[in-house]
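Me: I am new to this structure and would like a close look at a single part of it. Could you walk me through it in plain words?

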Amino acid sequence: MGREVVKMVLEDPELELVAAIARSAGPVDAGTLAGKPDTGVIVSSSLAEALKASRPDVLVDFTGPKSAMPNAETALAYGVRPVIGTTGFTPEQIAELDKQCKDKGIGGLIAPNFSIGAILMMKFSAMAAKYFPHVEIIEYHGDQKLDAPSGTSIKTAEWISEARQELRQGNPDEEEVIEGARGGYYNGFRIHSVRLPGVFAQQEVVFGAFGQTLKIRHDSYDRAGYMPGVNTAIKKIMNVTGMVYGFEHFLD
Ligand SMILES: NC(=O)c1ccc[n+]([C@@H]2O[C@H](COP(=O)([O-])OP(=O)(O)OC[C@H]3O[C@@H](n4cnc5c(N)ncnc54)[C@H](OP(=O)(O)O)[C@@H]3O)[C@@H](O)[C@H]2O)c1
């Protein structure tokens with residue numbers, strides 16, 4: 001995702017790449033990593049040093065659950081707006097970053113999904129939950145993903161929970177013969193995380209009612225599909241104060 005962001009920034013004349021960070025890429029030109037001509041921006045291994053030297057307006061973070069929180073705090077310490085695609089943030093961490101953003105008088109974004117199709121899938125699911133309160137979520141990602149369930153499935157579950165009363169589904173006497181067989185429990189329903197090589201990112205929200213089921217599904221095939229959303233966020237974040245949670249807040 002980081003390489004894709006570098007490529008997108010280099011292709012937009014309204015944006016300027018001033019630094020790129022990677023722990024293990026070595027001191028190469030950022031353009032080389034993104035499959036582009038040399039940019040003069042050498043990839044750094046230290047976020048703090050790069051921020052100090054380049055003083056950017058915005059930091060885009062696609063790393064991992066353990067790195068993203070300290071990265072965001074470092075960015076805010078330098079007065080840099082974090083646009084975060086990394087998933088796995090807890091509500092407490094989001095609240096803490098919101099406080100730090102407001103203390104600095106700047107904005108930030110945590111977006112579990114930058115894809116417009118995925119946002120629509122979540123919105124349609126929340127609409128359906130009003131009429132079909134029985135629901136389960138199945139999300140599919142590559143086998144190297146660190147967090148489960150996915151940030152998108154948690155966000156979907158939050159929206160569904162806003163649209164329906166808490167409802168404990170299934171047979172009250174149900175027993176799991178193998179632990180975890182029924183998936184993760186969220187506000188009365190279940191989220192199932194499939195992790196397989198070859199899979200990129202997909203989610204299916206399955207609603208059941210007497211005599212019918214309804215499935216709402218989104219499939220991502222390529223990292224480039226997230227870039228229009230990241231581009232919009234980089235530009236809109238300049239006019240925001242506080243930590244926004246969810247890319248949908250940046251859509252018309
Ligand atoms: N919001 C969205 O729309 C969206 C879309 C796709 C993915 N994601 C999320 O974005 C994150 C990254 O996804 P990915 O597919 O790009 O994963 P990836 O291929 O594993 O890449 C993550 C990269 O981040 C680097 N990294 C980790 N911690 C770092 C740190 N402290 N400083 C510098 N670099 C660091 C890793 O370097 P090493 O090789 O040294 O570990 C790795 O190169 C995941 O949380 C994923 O769930 C979000």
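Which element gives the largest share of the lining of the second largest pocket?

Reply: Happy to walk you through it. Please keep in mind that this is a predicted model. The largest share of that lining comes from α7, which gives three residues.

Let's start with the pocket itself. The second largest pocket holds about 240 Å³ of space. Its lining is made of 13 residues, and the closest to the centre are Phe-89, Thr-90, Ile-94, Ile-154 and Tyr-245. Two elements each give two or more residues to this lining: α5, which covers 91–104, and α7, which covers 151–163. By character, the lining residues divide into seven nonpolar, five polar and one charged.

Where does the second largest pocket lie with respect to the domains? Domain 1 (2–110 + 223–250) and domain 2 (116–220) both give residues to the lining, so the pocket lies between them.

One of the residues closest to the pocket centre, Tyr-245, has a partner worth finding on your screen. The charged end of Lys-155 sits over the ring of Tyr-245, at 4.0 Å from the ring centre. A second contact of this kind involves Arg-217, which lies over the face of Tyr-140, 5.6 Å from the centre of that ring.

Rings also meet other rings here. The structure holds six aromatic pairs, and ring pairs link Phe-62, Phe-114, Phe-247 and Phe-250 into a cluster.

From α7 you can also follow the chain in both directions. Going back, the loop between β4 and α7 contains Pro-149. The peptide bond leading from Ala-148 to Pro-149 is cis, with omega near -5°.

Going forward, the loop between α7 and β5 (184–186) contains Arg-182, whose partner Glu-136 is in strand β4 (residues 134–141), 46 residues apart from it. These two residues form a salt bridge, with their closest N and O atoms 2.8 Å apart. Strand β4 has a further salt bridge to show you: the side chains of Arg-195 and Glu-139 meet at 2.8 Å, N to O. Because Arg-195 lies in strand β6 (residues 189–195) and Glu-139 in strand β4, this pair ties together parts that are 56 residues apart in sequence. Both pairs belong to a set of salt bridges that numbers 13 in the structure.

Finally, here is a backbone detail to look up in another loop. Arg-55 has a positive phi of about 45°, although it is not a glycine. You will find Arg-55 in the loop between α3 (47–54) and β1 (58–61).

Methods:
Residues numbered from 1 in each chain as written. Predicted model: local features only at pLDDT ≥ 70, side-chain atom pairs only at ≥ 80, totals over all residues. Heavy atoms only, no water. 1 Å grid on protein atoms, 1.4 Å probe; cavity = no way out; pocket = protein on both sides within 12 Å on 5 of 7 lines; lining within 4 Å. Points joined across faces, edges and corners; volume = space filled by probe spheres on them. Helix = DSSP H or I, 4+ residues; strand = E, 2+ residues; numbered from the N terminus. Nonpolar A, V, L, I, M, F, W, Y, C, P; charged D, E, K, R; others polar. Domains from an automatic or database assignment. Phe/Tyr/Trp six-rings, centres within 6.5 Å; stacked < 30°, edge-to-face > 60°. Lys NZ or Arg CZ within 6 Å of the ring centre and 35° of its normal. Salt bridge = Lys/Arg side-chain N within 4 Å of Asp/Glu carboxyl O.
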